[in-house]
Amino acid sequence: MSTLKIAIQKSGRLSEKSLQLLEECGIKISNGERKLKAVAQNFPVEILFLRDDDIPQYVEQGVADIGILGENEVWEKGKAVTVIQPLGFAGCRMSLAIPKDESYTDLTYFEGKRIATSYPKILVDFFNRNNIQVFIEEISGSVEIATSIGLADAVFDIVSTGSTLLMNGLKEVETVVKSEAVLIANPNLTEATQAILNKLLFRIQSVREGKQNKYILLNAPNSAIESICAVLPGMKSPTVLPLVNEGWSSLHSVIQEDDYWNRIEQLKNLGAEGILIIPIEKMIR
Ligand code: ATP
Ligand code: MG
């Protein structure tokens, strides 16, 4: 029987969330001893635990069929893999930073400068597009100390909060690109592995939609139901059930995670009471 081989990061910022995503998709993996490989007990997949840098190559070669990693690594490695979908975690940006006392005007500041980075390809592409010549110092880690030790005039690195830059006397002056974790696949999957991948994608989709939405329950006087329904579009239309209290109904619907605070204010103003917001585990449209 076919299995889908999934490469995920062995240990690092992506590992926990990658495993969590697979678990939320109902894939149980026991990898107590942190082996290189694990087989799921209830879904035809095999997990390979690798360094994130190696994942694009393994997926290109078909050693793994799919992989989970930061899109920044996909761009940097430039391998023949297909980005299937963003996964909504490990969000970060890739930025240029310079010593904080330098005055900065625009990108031309970097003309002829030495820039330290672990992402030379992304950086060269960026400056080529902008017709600016820079000198790149490729280093594999601790990029943020490069200016203070005199290795470079500026740095190009991954930033999430910016505190590492600040601590090293740097200021962020340009965001080059934004990245998050993505699912990549080998472009030539067999029909059988593609079929397993489709099943997995369906599960990922319902997990992600579940996270992006909330279930909402509320009570309201019947006279307010129509205007409340207008505020809550729901999946089709809201469910309205009569309450024992004469003239009142209970209304059930689905509301998007990112705007429910605004909606709740509106609903209260329209006469809604006893509002409950409940997480959704999976959502299938
Ligand atoms: P490995 O040992 O597997 O090569 P690594 O040290 O290259 O790991 P991590 O630091 O674990 O990688 O980061 C993995 C990914 O997490 C990055 O490529 C990036 O997509 C994402 N990420 C999100 N926020 C940050 C951040 N603040 N710093 C670094 N990476 C981040
Ligand atoms: Mg790495």
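Modeller: Domain bounds come from an automatic or database domain assignment. On that footing, the protein, here a predicted model, is divided into domain 1 (4-89 + 181-189), domain 2 (92-178) and domain 3 (213-279).

Biologist: How many helices and strands does the protein have?

Modeller: Its secondary structure comes to 8 helices and 15 strands.

Biologist: How do you know whether the radius of gyration of the protein is or is not that of a compact globule?

Modeller: For 285 residues, a compact globule would have a radius near 19 Å, whereas the protein has 25 Å. The globule rule is 2.2 Å times the number of residues to the power 0.38, so the value of 25 Å does not follow that rule. The C-alpha trace spans about 75 × 55 × 35 Å along the principal axes, and the C-alpha centres of domain 1 and domain 3 lie 40 Å apart.

Biologist: What makes the largest nonpolar core a core, and which of its residues have the most contacts inside it?

Modeller: A core requires buried residues of the nonpolar kinds, joined through C-beta atoms within 7 Å. In the largest core 33 residues meet that condition, and I6, V59, I66 and I184 have the most contacts inside it. At least two residues come from each of β1 (4-9), α1 (15-24), β3 (45-50), α2 (55-61), β4 (66-70), β11 (181-185) and α6 (191-212). The greatest contribution is that of β11, with 5 residues. In soluble globular proteins, nonpolar side chains tend to be buried together.

Biologist: Which residues is I66 in contact with, leaving aside its neighbours within four places in sequence?

Modeller: They are L4, I6, V59, L183, I184, A185 and L197. A second, separate core has 19 residues, among them A97, I115, A116 and Y119.

Biologist: Why is N131 called exposed or buried?

Modeller: A residue is exposed if 12 or fewer other C-beta atoms lie within 10 Å. N131 has 9, and therefore counts as exposed. N131 is found in the loop between α4 (120-129) and β8 (135-138), and its phi is positive, about 55°, although it is not a glycine.

Biologist: What makes S142 count as exposed, partly exposed or buried?

Modeller: S142 has 13 C-beta neighbours inside 10 Å. That count is above the limit of 12 for an exposed residue and below the 20 needed for a buried one, so S142 is partly exposed. S142 is also not a glycine, yet has a positive phi of about 45°; its place is in the loop between β8 and β9 (154-159).

Biologist: How do you know which residues G88 is in contact with, leaving aside neighbours within four places in sequence?

Modeller: The criterion is a C-beta separation within 7 Å. By that criterion G88 is in contact with E180 and R208. G88 and E180 are 92 residues apart along the chain, with their C-alpha atoms separated by 6.5 Å. G88 lies in the loop between β5 (82-86) and β6 (92-99). It has 16 other C-beta atoms within 10 Å, and so counts as partly exposed.

Biologist: Which domains supply the shell around ligand 1?

Modeller: Domain 1 and domain 2 each supply at least three residues. Of the 15 residues that surround ligand 1, the closest are G12, R13, G70, C92 and S160. The shell divides into 4 nonpolar, 6 polar and 5 charged residues.

Key:
Residues are numbered from 1 along each chain as its sequence is written. Chains are lettered from A and ligands numbered from 1 in the order in which they are written. This is a predicted model: local features need pLDDT of at least 70, side-chain atom pairs count only at pLDDT 80 or more; totals for chains, interfaces and linings use all residues. Helices (H or I, at least four residues) and strands (E, at least two) are DSSP runs, numbered from the N terminus. Two residues are in contact if their C-beta atoms, placed from the backbone, lie within 7 Å. A residue is near a molecule or strand if its C-beta atom, placed from the backbone, lies within 6 Å of it. Ala, Val, Leu, Ile, Met, Phe, Trp, Tyr, Cys and Pro count as nonpolar, Asp, Glu, Lys and Arg as charged, and the others, Gly among them, as polar.
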